[in-house]
Amino acid sequence: MSEIATPSASAGAMPALADEFRLAMRRLAGGVCIITGLADGARLGITATAVCSLSADPPSLLVCINQRSSLCAALAPGRTFCINVLNGDQADIASTFGSSRAQAERFLGNDWRCFDDGIPYLPDAQCSIRCCVDGMIDYGSHRIFIGKAGAIRISDPFHPLVYGNGAYHHLHPVT
């Protein structure tokens, strides 16, 4: 399945509404992920919080990536990528992959491994899910990728990194 959709006719939000929307979305805390892929043998990666499960049958996820990203340009139906869900001690990695550093520099200083197809993953992430692009939808400034899960690696203990209100946070169980 590969579908490209376009936003509705009211694509340009009023400036005041857009500002309020940004403020509201700062209140929507999300898990922090590093999305990795390959382009012509070069490793690519970005920090993302717009990631969620889509279906258990087939196992699949949604990932939203800015269309200006080099990773977005490298993904197409049938291409693979990896969602690395970061743990609470990996805020530095999230900052690095969210920066303007060159792609090759982003992968320095961490213990990256590769799946059989060369897609990089972090062995000490909360989990790493290798996906195959099964669909795409363009909307506004982003492209929504549907990734069909293939290989999955899970690490313990459960200690995810969360981003909200412009900062990284740790989760604590409610007692």
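Is C132 buried, partly exposed or exposed? With a relative accessible area of 27%, C132 is partly exposed. The notes below concern a predicted model, and they take up the cysteines, the sheets, the salt bridges and the surface in turn.

1. Cysteines. No disulfide is present: a search of the whole structure finds zero. For C132, the closest cysteine sulfur belongs to C131 and lies 8.7 Å away, too far for a bond. A disulfide would require the two sulfur atoms to be within 2.5 Å. C127 is in a comparable position as regards bonding, since the closest cysteine sulfur, that of C33, is 7.4 Å from its own and too far for a bond. In terms of accessibility, C127 is buried, at 18% relative accessible area, while C132 is partly exposed.

2. The seven-stranded sheet. Seven strands make up an open sheet, and their order is β3-β2-β6-β9-β10-β5-β4. The pairing in this sheet is antiparallel. The edge positions are taken by β3 (42-48) and β4 (51-56); each has a single partner strand, so one side of each is left without a neighbour in the sheet. From one strand to the next, the twist averages 35°.

3. Strands β9 and β10. Strand β9 covers residues 127-139 and strand β10 covers residues 142-154; the two pair in the antiparallel sense over 11 bridges. Within this pairing, V133 has G147 of β10 as its bridge partner. In a regular strand, side chains alternate between the two faces of the sheet.

4. The β4-β5 hairpin. At the β4 edge of the sheet, a hairpin of two residues joins β4 to β5. Strand β5 comprises residues 59-66, and its antiparallel pairing with β4 runs over five bridges. One of the bridge partnerships places S55 with S60 in β5. The loop between β4 and β5 contains P58, which counts as partly exposed at 37% relative accessibility. P58 and P157 are 99 residues apart along the chain, and their C-alpha atoms are separated by 26 Å.

5. The three-stranded sheet. A further open sheet has three strands in the order β1-β11-β12, again with antiparallel pairing. Its edge strands are β1 (30-31) and β12 (167-170), each of which pairs on one side only. Strand β11 (residues 161-164) and β12 run antiparallel and are joined by four bridges. Here Y163 stands opposite Y168 in β12.

6. Salt bridges. The structure holds four salt bridges. Side chains of opposite charge can pair when their charged atoms come close. Three of these pairs are described in the next two points.

7. Which residue forms a salt bridge with D111? The partner is R113, and the closest N and O atoms are 2.9 Å apart. D111 is partly exposed, with a relative accessible area of 42%, and R113 also counts as partly exposed, at 39%. D117 and R130 likewise meet through their side chains, with an N to O distance of 2.9 Å. This pair links distant parts of the chain, 13 residues apart: D117 is in the loop between β7 (113-114) and β8 (120-121), whereas R130 is in strand β9. D117 is partly exposed at 31% relative accessibility, and R130 is partly exposed with a relative accessible area of 21%.

8. R143 and D138. The salt bridge between the side chains of R143 and D138 has an N to O distance of 2.4 Å. R143 is buried, with a relative accessible area of 16%. D138 is buried as well, at 14%. Both values fall under the 20% limit for a buried residue.

9. A nonpolar surface patch. On the surface, F21, M25 and L28 form a nonpolar patch, and together they contribute about 320 Å² of accessible area. M25 is located in helix α1, which spans residues 15-26. The relative accessible area of M25 is 38%, so this residue is partly exposed.

Technical notes:
Residues numbered from 1 in each chain as written. Predicted model: local features only at pLDDT ≥ 70, side-chain atom pairs only at ≥ 80, totals over all residues. Heavy atoms only, no water. Pairing = 2+ DSSP bridges. Axes fitted to C-alpha atoms, helices over the stretch in contact; angles between N-to-C directions. Patch = residues over 30% accessible without salt bridge, like charges linked within 9 Å, V, L, I, M, F, W, Y side chains within 5 Å. Areas by Shrake-Rupley, 256 points an atom, 1.4 Å probe, with all protein chains shown as cover. Buried < 20%, exposed > 50% of the residue type's maximum accessible area, 1.4 Å probe, protein only.
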